[in-house]
Amino acid sequence: MIKTKKTIINLDKVSFFYPDRLPILDRLDFTFYQDEKIGMMAPNGSGKTTFFHIIMGLIKPESGKIEIFEKPVTREKDFLEVRRRIGLLFQDSDDQLFNPTVLEDIAFGPLNLGKTKEEAIEISRKTLEFIGLNGFENRITYKLSGGEKKLVALATILAMEPEVLLLDEPSAGLDEKTKERITTILRSLKISYIVVSHEFDFLSEISDSIYTLDRGKILSDAEMYIHQHYHAHPYGGRPHKHKNE
Ligand SMILES: Nc1ncnc2c1ncn2[C@@H]1O[C@H](COP(=O)(O)OP(=O)(O)OP(=O)(O)O)[C@@H](O)[C@H]1O
Ligand SMILES: [Mg+2]
């Protein structure tokens with residue numbers, strides 16, 4: 001029997017625009033399968049964050065169909081399951097962290113999922129260790145540095161054991177060593193993810209394919225770089241010019 005891959009996200013002609021603005025998403029088609037690890041690189045303001053927020057049901061499309069885990073999602077009730085199974089790392093960590101201490105912030109998700117206080121604390125400690133932030137339990141969240149906040153925000157998501165991750169610029173503002181740690185963490189995860197970043201090298205380390213958002217539509221790297229190559233060179237898929245062009 002042939003086992004076909006499960007579809008996690010399917011967007012069918014989804015459009016979204018803010019009032020009096022050109023469409024941010026314009027009849028966008030997109031399918032994301034289980035076990036895929038996708039990178040997304042596109043200019044500022046092209047709609048990457050909007051795309052993630054549409055998937056999570058934080059904003060509603062003007063038109064089009066959304067199916068997640070092979071079920072149509074329209075009502076708020078449908079998105080509750082989506083938010084339980086898909087973890088979104090917000091572009092701005094301050095949107096993610098709202099408890100006084102790091103431990104409380106990480107334990108919040110597991111507690112919400114019905115874990116006991118002891119279980120939630122245990123999960124939080126393990127997640128902090130996994131992410132390399134031992135000893136951060138009682139740190140005051142709002143006093144953390146930007147990079148530390150980003151790591152704690154990632155920990156709050158991982159503690160909920162999501163099946164899928166949507167990470168909105170996880171590497172932004174991180175030093176090289178911390179970025180390497182995130183790279184190692186992501187590569188060790190056995191779950192599907194879409195990662196938005198402006199850093200090609202980071203994305204190529206953690207993803208199998210890189211997509212872009214262009215005029216409201218998602219294009220694969222194959223569609224992005226349509227010019228023909230008769231030679232190979234490192235990062236041939238990266239936008240580049242040749243001397244004689
Ligand atoms: N609430 C809003 N009202 C009006 N316009 C908005 C609103 N939120 C976002 N926009 C606009 O929608 C466009 C897409 O924004 P979005 O945040 O999705 O882009 P992005 O690709 O994530 O950009 P960046 O790389 O800077 O994070 C931008 O032009 C932005 O100014
Ligand atoms: Mg964004």
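Contact, in these legends, means heavy atoms within 4.5 Å. The model shown is predicted.

**View 1. The whole chain, with 8 helices and 10 strands.** The predicted chain has 245 residues, and buried residues make up 47% of them. Its accessible surface comes to about 13,800 Å². Carbon and sulfur atoms account for 52% of that surface. Contacts often reach far along the sequence: of those between residues at least 6 apart, 64% join residues at least 24 apart.

**View 2. L25 and its surroundings in strand 2.** Strand 2 covers residues 25-33, and L25 belongs to it. The relative accessible area of L25 is 0%, under the 20% cut-off, so this residue counts as buried. S15 sits 10 residues away along the chain, yet the C-alpha atoms of L25 and S15 are separated by 4.8 Å. Neighbours within four places in sequence are left aside in the following list. L25 then contacts V14, S15, F16, G47, T50, F51, I54, L213 and G216.

**View 3. Helix 1, residues 48-55, largely enclosed by the rest of the structure.** Of the 8 residues in helix 1, 7 are buried, so the rest of the structure largely encloses this helix. The buried residues are K48, T50, F51, F52, H53, I54 and I55. T50, F51 and I54 also appear among the contacts of L25. G57 follows helix 1. The phi of G57 is positive, near 75°.

**View 4. Helix 3 against helix 5, a right-handed crossing.** Helix 3 spans residues 102-112 and helix 5 spans residues 146-158. Their axes come within 7 Å and cross at roughly 30°. Angles under 35 degrees count as roughly parallel, so helix 3 is roughly parallel to helix 5. Helix 3 contributes V102, D105 and I106 to the contact. Helix 5 contributes V152, A155 and T156. By class, the residues of this contact are 4 nonpolar, 1 polar and 1 charged.

**View 5. Helix 4 against helix 5, also a right-handed crossing.** Helix 4 runs through residues 117-131. The axes of helix 4 and helix 5 come within 9 Å and cross at roughly 130°. That angle makes helix 4 oblique to helix 5. On the helix 4 side, T127, F130 and I131 make the contact. On the helix 5 side, L151, L154, A155 and L158 do so. The contact of helix 4 with helix 5 has 6 nonpolar residues, 1 polar residue and no charged ones. A155 of helix 5 takes part here, and A155 also takes part in the contact with helix 3.

**View 6. D20, a non-glycine residue with positive phi.** Most residues other than glycine have a negative phi. D20 is not a glycine, but its phi is positive, about 60°. D20 is placed in the loop between strand 1 (7-16) and strand 2. Is D20 buried or exposed? Its relative accessibility is 83%, so D20 counts as exposed.

**View 7. E161, in the loop after helix 5 and before strand 7.** Strand 7 covers 164-168, and E161 lies in the loop between helix 5 and that strand. The phi of E161 is near 45°, a positive value in a residue other than glycine. E161 has a relative accessible area of 64%, so this residue is exposed.

Key: Residues numbered from 1 in each chain as written. Chains lettered and ligands numbered in written order. Predicted model: local features only at pLDDT ≥ 70, side-chain atom pairs only at ≥ 80, totals over all residues. Heavy atoms only, no water. Axes fitted to C-alpha atoms, helices over the stretch in contact; angles between N-to-C directions. Helix = DSSP H or I, 4+ residues; strand = E, 2+ residues; numbered from the N terminus. Parallel < 35°, antiparallel > 145°, perpendicular 65-115°, else oblique. Left-handed = near helix turned anticlockwise from the far one by under 90°. Nonpolar A, V, L, I, M, F, W, Y, C, P; charged D, E, K, R; others polar. Buried < 20%, exposed > 50% of the residue type's maximum accessible area, 1.4 Å probe, protein only. Areas by Shrake-Rupley, 256 points an atom, 1.4 Å probe, with all protein chains shown as cover.
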